[in-house]
Amino acid sequence: MTKLELRDLGTTGLMLSCVGFGASPLGNVFGLVSEDDAIASVREAFRLGINFFDTSPYYGGTLSEKVLGKCLKAVGMPRNEYIVSTKCGRYAEGFDFSAERITRSIDESLARLQLDYVDILQCHDIEFGSLDQVVNETIPALQKLKEAGKIRFIGITGLPLEIFTYVLDRVPPGSVDVILSYCHYSINDTTLEDLLPYLKSKGVGVISASPLAMGLLTERGPPEWHPASPELKSACQAAAAHCKEKGKNISKLAMQFSLSNKDISSVLVGMNSIKQVEENVAAATELAIFGKDEETLSEVEAILNPVKNQTWPSGIQQS
């Protein structure tokens, strides 16, 4: 069996599986997940070589962290064999990037996750807070947590790409280790690519989430609340239908497209069943052996070309 590829995360020394396990679905964000199914999916992830798990106190109003904690405990892997990232600053009750809240937040998260430390703590969706507060207050508070051994590395996440340069240009070099971007490296939107040389120059690792563009690049289509324009939705629907006619699956194609950029350390995708874990790992394994399906990919790119790189404003996503 081909082992899932591990990639360096910036200058952290961490090696992340190229497919990351997004644990937001364990918080029942996309429908109810039984504890047995949750544990089985995490166990299968480990078996297939996934070593990176990402959650947040915001997902399912702390439920995702609690369930992930139970799963990790039940599976019983040695702590040094997996990487856990959680977030701070965004909660079911709103945003709070103050030093006091961040410091309390990590203790709450560690208790829910049943861990002594997390590998990465990320400021969650910083565009909704004051970026200057993130620079002057939040990141210094995170550095104290790093010194205290509660976290190993510091990250920032959000939708608009310009938030990353804003913060990284204003903090001392090396104070942010990783960024998590979503919906900007998929077949319909590759704007993250322009930022990669800059991030590399800063020694910052890159995680890209939502290769399926929050459901746009699926046969089922996006959820009701999806903020994309009608043109973008209908182009993605046409692309999905085209793949289906050819006996291909747009989600697999999208996953492989995102995985094929080696400057991205891990492609994070939400999972809550053994089947989803297997499909995502299979997409990566096939890519490693056979490469991308260039023919179908170029046909899909042609369909999506009129709406290429069309994004949407950051909004409070449904939870």
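Q: What makes a residue buried, and what makes it exposed?
A: A residue is buried when its relative accessible area is under 20%, and exposed when that area is over 50%. The structure discussed here is a predicted model. Under the first cut-off, Thr-296, Leu-297, Val-300 and Leu-304 are the buried residues of helix α10, which spans residues 294-304.

Q: How do you know where the buried residues of α10 fall, seen down its axis?
A: Their directions from the axis lie within an arc of 100°, so these residues line one face of the helix. The general geometry is that an α-helix has 3.6 residues a turn, so residues three or four places apart point the same way. Glu-295 and Ala-302 lie on the other side of α10 and are exposed.

Q: What covers the buried residues of α10?
A: The cover includes two helices, α7 (230-245) and α8 (250-259). Contact here requires heavy atoms within 4.5 Å.

Q: Why is Ser-175 called buried or exposed?
A: The relative accessibility of Ser-175 is 1%; the cut-off for burial is under 20%, so Ser-175 counts as buried. The residue sits in the loop that runs between α5 (162-168) and β10 (178-182).

Q: Which residues is Ser-175 in contact with, leaving aside neighbours within four places in sequence?
A: With those neighbours set aside, Ser-175 touches Ile-139, Gln-143 and Ile-154. As for Gln-310, it is separated from Ser-175 by 135 residues in sequence and by 31 Å in space, C-alpha to C-alpha.

Q: What makes the packing of α1 and α2 parallel, perpendicular or oblique?
A: Helix α1 (residues 35-47) meets helix α2 (residues 63-75) at an angle of about 60°, and their axes are 9 Å apart. Roughly parallel would need an angle under 35 degrees and roughly perpendicular 65 to 115, so α1 is oblique to α2. The handedness of this crossing is right-handed. Among the residues that meet are Ala-38, Ile-39, Val-42 and Phe-46 in α1, and Val-67, Leu-68, Cys-71 and Leu-72 in α2.

Q: How do you know which class the packing of α2 and α3 belongs to?
A: Helix α3 covers residues 99-113; α2 and α3 pack at about 45°, with axes 7 Å apart. That angle is neither under 35 degrees nor within 65 to 115, and α2 and α3 are therefore oblique to each other. Glu-65, Lys-66, Leu-68 and Gly-69 of α2 make the contact with Ser-109, Arg-112 and Leu-113 of α3.

Definitions and conventions: Residues are numbered from 1 along each chain as its sequence is written. This is a predicted model: local features need pLDDT of at least 70, side-chain atom pairs count only at pLDDT 80 or more; totals for chains, interfaces and linings use all residues. Side-chain values use heavy atoms; hydrogens and water are left out. Buried means under 20% relative accessible area, exposed over 50%, partly exposed in between (1.4 Å probe, protein chains only). Helices (H or I, at least four residues) and strands (E, at least two) are DSSP runs, numbered from the N terminus. The arc is that of the directions from the helix axis to the C-beta atoms. Axes are lines fitted to C-alpha atoms, for helices over the stretch in contact, and angles run from 0 to 180 degrees between N-to-C directions. Angles under 35 degrees count as roughly parallel, over 145 as roughly antiparallel, 65 to 115 as roughly perpendicular and the rest as oblique. A crossing is left-handed if the near helix is turned anticlockwise from the far one by less than a right angle, and right-handed if clockwise.
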